[in-house]
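I opened this entry to work through the sheet first, then the packing against it, then the cores.

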Amino acid sequence: MKGQTLLDRNISPSSKESEMMVLGCMLTHENSLSIGADSLEEKDFYYKEHQLIFAALKTTYSKDKPADVHLIAEILKTSNELDGAGGVAYLTEVAQYAGTSAYIEEYIEIIKNKSILRRMILAANDIKKVALEQPDDVNSALDEAQSMFFKISQTVNQTIGVSVKNILDGTQAESKLPYLKDLQQRQEKYHTRDPNEPLTTGIPTGLTDLDKLLGGLNPANLVIVAGRPSMGKTALGINIAEHICFNLNKPVAVFSLEMTSEELLHRMICTQSEVTSEKIKMGALDGSEYQRIVSTVSRMQEHTFIIDDQPGLKITDLRARARRLKEVYDIQFLLIDYIQLLSGSRSSFNTENRQTEISEISRMLKNLARELNIPILVPSQLSRKVEERAGHRPMMSDLRESGSIEQDADCVMMIYRRDYYNATDHPGMAEIIVAKNRHGSIGDVKLAFRKEYAQFTNYAHEPDSNADPFSPFNG
């Protein structure tokens, strides 16, 4: 019937001739073998016989061996797949196609495009099946659907490496500027900056000593903030997010897996207005406190701060939502509170495999940071080993449930408050132990912690006892 589409006739998109062209070139040309093996996967081929032939060709390529009709026929014969691949006669026919075209890249693109269309159809069918079942959790079904298509989109326009020349001339540089021009601008910025301003290459946290050590939070970095329960992990993460959003005017998002959005907002208003939580809850405010809250609310409404408080998220759902936040709001910083409350991509939960699950989660979070090109800060629990140690000072090996968190993270910070264990031991002081910093120094940073406001601030250093007290008066 005229006007029927492929879908109307239930025919999957494919190009047999293109598949034969590519396989023929790979069978007869060493350069084509490497191009085809690097550019395609077995599932990109629609016809089963072509999948078998390509798998055999890729095997020879991975073993650095030559490939021709007779060698591939032997490999297929050994695995009892020669008949499934059409036999020697079909291999010979495919090899003859190589003489008709030298444009293997053109045919590879056709094969990949047809493969993408088939995957879109399969994803659409899966989505249709789920939708027809009318699931109770429609939002999760929608997130899963978006995730399916995002995974497909990731296969499009993949680049094979980046030329150093193109980075230096700016065509493939993140700054879009030639390297020397970018360096010149950085020099000018350095010489015209405020001498008291900390040197940062990333987004400043607002905590001066921490910024001096870290150089700010760099794009594509996964930053872990670890501590025991009630040590202040969430508070530190929120304080940094508030500074980036309200002081630097950058869009920020928070996945709050433990607190509701209203609970988190209440905490932020306490911090920003410096009015205690109890006073706000009871309404026991004097005139100046009320005015501070009014000013805080007004200022917060001028900025983009997104809170997603959906509990029990799978890492795949979170990634889909994060992509949407980046697309809609162009978020520049993401806080996920906290890693142990996430579950892996599989629906079943097995306590014995929790370490493997956390490993998958940390790896996917690092990939997400690179994909969105923003810093992602994730609080993490420390194990009870800290409590058993004299002094209770945390170490990186205390990271709970997986050493892969330590491996995947670009930066690992641990919060240590002595007054957590002894109220009279340095009350109001916190230490941030930077145990790993892939792009800079490690060390300890002192901060002040104002518990009544859940607020970390810059620590006022004690004067040097060896300094001359009359030095300001000496000429």
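Which residue in strand 5 is the bridge partner of leucine 222? I looked it up: the partner is isoleucine 376. I was working on a predicted model throughout.

I then followed the two strands. Strand 1 covers residues 222–227 and strand 5 covers residues 376–381. They pair in the parallel sense, over six bridges.

Next I traced the whole sheet. It is open and has nine strands, in the order 3-2-4-5-1-6-7-8-9. The pairing is mixed. At the edges I found strand 3 (305–308) and strand 9 (455–458), each pairing on one side only. I also checked the twist: neighbouring strands are turned by 25 degrees against each other on average, direction ignored.

What packs on this sheet? I noted helix 11, residues 233–247. Its contacts include strand 2 (252–256), strand 4 (333–337), strand 6 (411–416), strand 7 (429–437) and strand 8 (443–450). The direction of helix 11 makes about 160 degrees with that of strand 4.

I turned to the nonpolar cores. The largest has 41 residues. Leu236, Phe333, Met413 and Ile432 have the most contacts inside it. Helix 11 supplies the largest share of this core, eight residues.

I took methionine 413 for a closer look. Leaving aside neighbours within four places in sequence, I listed its contacts: Leu210, Leu214, Val223, Ile224, Val225, Ala226, Ile432, Ile433 and Val434.

Last, I logged another core, lying apart from the largest one. This core has 37 residues, among them Leu342, Leu399, Ile405 and Ile433.

Notes: Residues are numbered from 1 along each chain as its sequence is written. This is a predicted model: local features need pLDDT of at least 70, side-chain atom pairs count only at pLDDT 80 or more; totals for chains, interfaces and linings use all residues. Side-chain values use heavy atoms; hydrogens and water are left out. Two strands pair if DSSP finds at least two bridges between them. Helices (H or I, at least four residues) and strands (E, at least two) are DSSP runs, numbered from the N terminus. Axes are lines fitted to C-alpha atoms, for helices over the stretch in contact, and angles run from 0 to 180 degrees between N-to-C directions. Contact means heavy atoms within 4.5 Å. A nonpolar core is a set of buried Ala, Val, Leu, Ile, Met, Phe, Trp, Tyr and Cys residues joined through side-chain atoms within 4.5 Å. Buried means under 20% relative accessible area, exposed over 50%, partly exposed in between (1.4 Å probe, protein chains only).
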